Amino acid sequence: METWSRKFIGRPECLADVRRFILAVLGDCDTTHIVTLVADELAGNAIKHTASGGPGGKFVLRLARFSDRCRVWVDDQGGPSTPSVRTAQDDEEAGRGLTIVTMLSACWGAAGDKRGRSVWAEITFDGVGAIPGLPSPTAGLPHELSAIRKVGMTTDGWTR
């Protein structure tokens with residue numbers, strides 16, 4: 001597993017920076033575009049619905065790449081409501097973000113409260129082109145480290 005993270009200012013215009021960050025990390029392919037769309041929705045929700053979108057607000061985007069999937073997290077500064085899928089009316093301009101996340105990801109979830117929250121989604125490589133040009137997660141590692149990496153070594157405390 002490889003992981004990346006970056007802090008962003010909680011302003012709508014910073015969503016373009018989120019998209020550029022993911023493209024720079026994962027490269028240009030179908031999977032990257034899906035991860036980018038999901039991350040954009042999660043980050044946009046953090047800006048719109050949590051303290052991260054208020055004065056001085058920030059959020060952290062974390063990304064992990066596994067051999068068969070990517071996981072994206074948005075850690076925000078919390079808000080009064082719990083993220084949930086809702087049915088938007090045809091004439092509404094908003095309210096479809098988590099529906100899109102649900103449709104494009106294998107699973108998603110949220111943990112936290114009004115003081116801080118992490119919302120995440122996993123995008124599998126099934127049905128879309130895998131990220132091109134990236135070596136096996138254990139390529140180039142000494143045998144001892146390769147064995148550790150294969151069982152899910154991570155630096156952020158999350159393993160599968």
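## Strand pairing and helix packing in a five-stranded sheet

Strands E2 and E3 are paired in the antiparallel sense, and 6 bridges join them. Across this pairing, Ala64 stands opposite Arg71, a residue of E3. The model described here is predicted. Strands of a sheet pair through backbone hydrogen bonds, in either a parallel or an antiparallel arrangement.

**Overall composition**

The protein contains 4 helices and 5 strands. Read from the N terminus, these elements follow one another as β-α-α-β-β-α-β-β-α. Of the 160 residues in the protein, 39% are buried. Among contacts with a separation of 6 or more, 64% are made by residues 24 or more positions apart.

**The sheet**

The strands form an open sheet of 5 members in the order E1-E2-E3-E5-E4, with antiparallel pairing. E1 and E4 (107–113) are the edge strands: each has a single partner, so one side of each has no neighbour in the sheet. On average, and ignoring direction, neighbouring strands of this sheet are turned by 15° against each other. Helix H1 packs on the sheet and touches E1, E2 and E3, and the direction of H1 makes about 160° with that of E1.

The table lists three of the strand pairs with their bridge counts.

| Strand pair | Sense | Bridges |
|---|---|---|
| E2 and E3 | antiparallel | 6 bridges |
| E3 and E5 | antiparallel | 8 bridges |
| E4 and E5 | antiparallel | 7 bridges |

Strand E5 takes part in two of the listed pairings, with E3 and with E4. Individual bridges show the register on either side of E5. Val74 has Val119 of E5 as its bridge partner. Trp108 is bridged to Ala121 in E5, and Gly112 is bridged to Arg117 in E5. The chain passes from E4 to E5 through a hairpin with 2 residues between the strands. How far is E5 enclosed by the rest of the structure? Of its 9 residues, 7 are buried, so E5 is largely enclosed.

**Helix H1**

Helix H1 covers residues 15–26, which is 12 residues; at 1.5 Å a residue the expected span is 16 Å, and the end C-alpha atoms lie 17 Å apart, in agreement with that expectation. The buried residues in H1 are Leu15, Val18, Phe21, Ile22, Val25 and Leu26. Around the axis these residues occupy an arc of only 115°, which places them on the same side of H1. The face turned away from that buried side holds the exposed residues Arg20 and Ala24. The cover over the buried residues of H1 includes strands E1 (2–9), E2 (58–65) and E3 (69–76), together with helix H2 (30–49). After H1 comes Gly27, which has a positive phi near 85°.

**Asp40 in helix H2**

Asp40 belongs to helix H2. Is this residue buried or exposed? Asp40 has a relative accessible area of 17%; because the cut-off for a buried residue is under 20%, Asp40 counts as buried. Leaving aside residues up to four places away in sequence, Asp40 touches Leu15 and Arg19. Leu15 is also one of the buried residues in H1. The C-alpha atoms of Asp40 and Ala16 are separated by 8.5 Å, although the two residues are 24 residues apart along the chain.

**Helix H3**

In helix H3 (residues 97–104), the buried residues are Gly97, Leu98 and Val101. Their arc around the axis is only 90°, which puts these residues on the same side of H3. They pack against H2, E4 and E5 (116–124). Helix H2 thus appears among the elements covering the buried residues of H1 and also among those packed against the buried residues of H3.

**Cysteines and disulfides**

A disulfide is a covalent bond that links the sulfur atoms of two cysteines. How many disulfides are found in the whole structure? The search returns 0 disulfides. The surroundings of Cys70 and Cys107 can be described by accessibility. Cys70 is buried, with a relative accessible area of 0%. Cys107, in contrast, is partly exposed, and its relative accessible area is 30%.

Methods. Residues are numbered from 1 along each chain as its sequence is written. This is a predicted model: local features need pLDDT of at least 70, side-chain atom pairs count only at pLDDT 80 or more; totals for chains, interfaces and linings use all residues. Side-chain values use heavy atoms; hydrogens and water are left out. The expected span of a helix is 1.5 Å times one less than its number of residues. Buried means under 20% relative accessible area, exposed over 50%, partly exposed in between (1.4 Å probe, protein chains only). The arc is that of the directions from the helix axis to the C-beta atoms. Contact means heavy atoms within 4.5 Å. A disulfide is a pair of cysteine sulfur atoms within 2.5 Å. Two strands pair if DSSP finds at least two bridges between them. Axes are lines fitted to C-alpha atoms, for helices over the stretch in contact, and angles run from 0 to 180 degrees between N-to-C directions.
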